[in-house]
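User: I would like to learn how to read the features of a model such as this one, beginning with its domains and moving on to finer local details. Could you take me through them in turn?

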Amino acid sequence: MYGKFQEYLASELKAIDEAGLYKRERVICSPQSAEITLADGSKALNFCANNYLGLADNPRLISAAKEVMDSRGYGMSSVRFICGQQDMHIKLEKAIAEYFHTEDTILYASCFDANGGVFEPLLGPEDAIISDALNHASIIDGVRLCKAVRYRYANADMADLERCLQEAQAQRFRIIVTDGVFSMDGNVAPMDRICDLAEKYDALVMVDESHSAGVVGPTGHGVAEQFGCYGRIDIHTGTLGKAFGGAVGGFTTGRKEIIDMLRQRSRPYLFSNSIPPMIAAAGLETFRILGESDELHTKLMQNVEYFRDRMIAAGFDIKPTQSAICAVMLYDAPLSQKFAAEIACEGIFVTGFYYPVVPKGQARIRVQLSAAHEREHLDKAIAAFIKVGKSLGVIK
Ligand SMILES: *Cc1c(COP(=O)(O)O)cnc(C)c1O
């Protein structure tokens, strides 16, 4: 049987490669940090990690994980309702709820799972999900697993959201779902206006804080802090795999009864292993660090400002950003790939994105800033951008 299927896969893979869409993965032989070492021993500066607060190699997280490996072992070998949990799972859920000013939290193996398991237990065919067109793939998949009626509004477009809300009055319950920060432009969802519309049209509100938590808001606590929306957002989902340490793990945090229902009915929670004790312990240490001072968030924001201002001064076209994501617009798809390849030769890792990941004619280089970056890293990256930008005729 495999013969024909193999031929089919081989030709599909060839087509992916010929379209320039084949994904090749680098091998890193050092901790994730501002500077990384590759398999061939060469070094590069990393501007494409979600390591926003630079915690991925933080010594306190590493020693918290090691300590708990020694005292509690390696893995849990089960799901929580069958076999139980460690105290640090519960403590971490509490710490996340405190961080977001919510009532309770449920942990998942990833935010992909949190989003995959949030809709189906809460909503049925008589309800409506109203989703931003640029929401993350895991939200799209979660919505697919639920029988609720689907509405889609143009990215952060409040008039279009209002149109959906009016149509969705036909359903019993309505929920508006949005990413906090959209990962391609770095723009922030207008949560205050979303909450206003939710109140006007009697809808619940859910936000995925994966790229906003630790980054957005005066002290980095996410979109509710940024827009003064505490108490108005019913569900936040998020990841421990980006700003909060960069390992694995996801969560849903929000209203008590919602979290309770997820513990009873959410399939990725009920039928998938709980995160290892060491991950929970390191996660707890993350929230301890963030509770002690704003230092990392402040440094991240200074880095964003420094990089953006100098790039604009050099003549680059930068999308307005309110996050740690900086989109350097090139518009042309082949140019974006050439640019990323040439700047990699200068020892700077960034990602070139083009259609279908971004709209046609909107190709770009995405730069992700981190609190791990020092001034010299930023200066080196800016100099490399200017060098490659001039040689490819992007700037004068
Ligand atoms: C990265 C990301 C996820 C997935 O998080 P994992 O914990 O890695 O599964 C979900 N939603 C959004 C918006 C993301 O950016």
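Analyst: What follows goes through the domains, their interface, the ligand site and some local features. Please keep in mind throughout that this is a predicted model.

User: Into which domains is the protein divided, and what separation do their centres have?

Analyst: The assignment gives domain 1, made of residues 21-50 together with 294-391, and domain 2, which covers 59-292. Taken over C-alpha atoms, the centres of domain 1 and domain 2 are 27 Å apart.

User: How is the size of an interface usually expressed?

Analyst: The accessible area that is lost when the parts come together is often quoted for this purpose. In this model domain 1 and domain 2 bury about 1,500 Å² between them, and 55% of that area is on carbon and sulfur atoms. Of the area that domain 1 buries against domain 2, Asn 50, His 297 and Gln 322 supply 37%, which is more than any other three residues. Counted by contacts, 20 residues of domain 1 meet 19 residues of domain 2.

User: Which pairings should I look for across that interface, and how many salt bridges does the rule find there?

Analyst: As a general idea, side chains of opposite charge can pair when their charged atoms come close. Across the interface of domain 1 and domain 2 the rule finds two salt bridges, and it also finds ten residue pairs in polar contact. Helix H13 (295-313), strand E10 (325-331) and strand E13 (363-368) each supply at least two residues to the side of domain 1 that touches domain 2. H13 gives the most to that side, with four residues. By class, the side of domain 1 that touches domain 2 has ten nonpolar, six polar and four charged residues.

User: How many salt bridges does the structure hold, and which parts of the chain does the pair of Arg 72 and Asp 87 link?

Analyst: The structure holds 25 salt bridges. The side chains of Arg 72 and Asp 87 form a salt bridge with an N to O distance of 2.8 Å. This pair links distant parts of the chain, with Arg 72 in helix H2 (residues 59-72) and Asp 87 in helix H4 (residues 87-100), 15 residues apart. There is also a salt bridge between Asp 185 and Lys 319, whose closest N and O atoms are 3.6 Å apart.

User: Turning to the ligand, which residues are closest to it?

Analyst: A useful way to read such a site is to take the surrounding residues first and the individual polar atoms afterwards. The ligand is surrounded by 13 residues, the closest being Cys 111, Phe 112, Asp 208, Thr 239 and Lys 242. A polar backbone atom of Phe 112 is 3.0 Å from an oxygen atom of the ligand. On the side-chain part, a polar atom of Asp 208 lies 2.6 Å from a nitrogen atom of the ligand, and a polar side-chain atom of Ser 210 lies 3.3 Å from a nitrogen atom of the ligand.

User: Where in the backbone are Pro 356 and Ala 156, and what should I read there?

Analyst: Here the torsion angles are the thing to read. Pro 356 is in the loop between strand E12 (351-353) and E13, and the peptide bond from Tyr 355 to Pro 356 is cis, with omega near 10°. Ala 156 is in the loop between strand E5 (149-153) and helix H7 (158-167); although Ala 156 is not a glycine, its phi is positive, at about 55°.

Conventions: Residues numbered from 1 in each chain as written. Predicted model: local features only at pLDDT ≥ 70, side-chain atom pairs only at ≥ 80, totals over all residues. Heavy atoms only, no water. Domains from an automatic or database assignment. Contact = heavy atoms within 4.5 Å. Buried area = accessible area lost by both parts, 1.4 Å probe. Salt bridge = Lys/Arg side-chain N within 4 Å of Asp/Glu carboxyl O. Polar contact = N/O pair within 3.5 Å; in protein donor to acceptor, adjacent residues only side chain to side chain. Nonpolar A, V, L, I, M, F, W, Y, C, P; charged D, E, K, R; others polar. Near = heavy atom within 4 Å.
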